[in-house]
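Q: I am new to this structure and would like to learn how its features are read. Could we begin with the strands?

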Amino acid sequence: LVADGDRRDTVIVGRKVPGSPSFPYYDAFNAGFSPEAIRGVAMAEDTFLKGFTVSNCSVNACDRSPMVDNALGAGILCKDGSARVEDCDITDCAAYYAGCVYGGVFRRCRMTRGLVLSNGGCFFESTCHNCFFDQAADGMGHNARGLYSCTFGPNNRYFGFTSGTVS
């Protein structure tokens, strides 16, 4: 799916549920965890997404079930490593793991304001080329498949990532 126009003009909006549980050190925004929360995009094998902004997404992380679909990738969930995303902004997303994105291959994307209860504010088990990351809570990323020519912004609650390849 390729957007017609600028990524700032073509927006996919998820849903954070007002009044859902909040966490003391995440005062910046409401996590929105709830069974009624809506993920931005779920991508299948060999799919392609280009030129969108994905924003204000959350998943049902209330049950604290790690490594299940309802706890991963609030912005974009790529269960298969062959899913590709280019020139997208993924922002203001909250999940148990992988606030902005889970899996997949990302090129020239911006991932900002990712909130997680565990690891991977911006990315988790993803490959990223020429991407920008900033304002992640509880870790920039986790288990990177590869980070190539990426930029890390200065405004991170807990800077860094816990494992993976960087070049």
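A: Let us do so, bearing in mind that the model is predicted. Strand β1 (residues 11-13) runs parallel to β4, and the two are paired over 3 bridges.

Q: Which residue of β4 is the bridge partner of V11?

A: The partner of V11 is T53 in β4. T53 also has a bridge partner in β7, namely D89.

Q: In which sense do β4 and strand β7 pair, and over how many bridges?

A: β4 and strand β7 (residues 89-95) pair in the parallel sense, with 5 bridges between them. Strand β4 is thus a partner both of β1 and of β7.

Q: Why is strand β4 described as largely enclosed?

A: A residue is called buried when its relative accessible area is under 20%. In strand β4 (residues 53-58), 5 of the 6 residues are buried, so the strand is largely enclosed by the rest of the structure.

Q: Let us turn to the cysteines. How many disulfides does a search of the whole structure find?

A: A disulfide is a covalent bond that joins the sulfur atoms of two cysteines. In this structure, the search finds 0 disulfides.

Q: Why is there no bond between C100 and C122?

A: The cut-off for a disulfide is a sulfur pair within 2.5 Å. The closest cysteine sulfur to that of C100 belongs to C122, and it is too far for a bond because the distance is 4.7 Å. C100 has 0% relative accessibility and therefore counts as buried.

Q: Which cysteine sulfur is nearest to that of C109?

A: The nearest is that of C131, 4.9 Å away, and C109 is in no disulfide. C109 is buried as well, because its relative accessibility is 1%.

Q: Finally, how many aromatic pairs does a search of the whole structure find?

A: Such a pair is read from the distance between ring centres and the angle between ring planes. The search of the whole structure finds 4 aromatic pairs. One of them is formed by F133 and F152, whose centres are 5.2 Å apart and whose planes meet at 35°, a tilted arrangement.

Q: Where in the chain do F133 and F152 lie?

A: F133 is in strand β13 (residues 132-134) and F152 in strand β16 (residues 151-152); the pair links distant parts of the chain, 19 residues apart.

Q: Are these two residues buried or partly exposed?

A: F133 is buried, with a relative accessible area of 0%, whereas F152 counts as partly exposed at 27% relative accessibility.

Q: Which residues form an aromatic cluster?

A: Y97, Y102 and F124 together make up one aromatic cluster.

Key. Residues numbered from 1 in each chain as written. Predicted model: local features only at pLDDT ≥ 70, side-chain atom pairs only at ≥ 80, totals over all residues. Heavy atoms only, no water. Buried < 20%, exposed > 50% of the residue type's maximum accessible area, 1.4 Å probe, protein only. Helix = DSSP H or I, 4+ residues; strand = E, 2+ residues; numbered from the N terminus. Pairing = 2+ DSSP bridges. Phe/Tyr/Trp six-rings, centres within 6.5 Å; stacked < 30°, edge-to-face > 60°.
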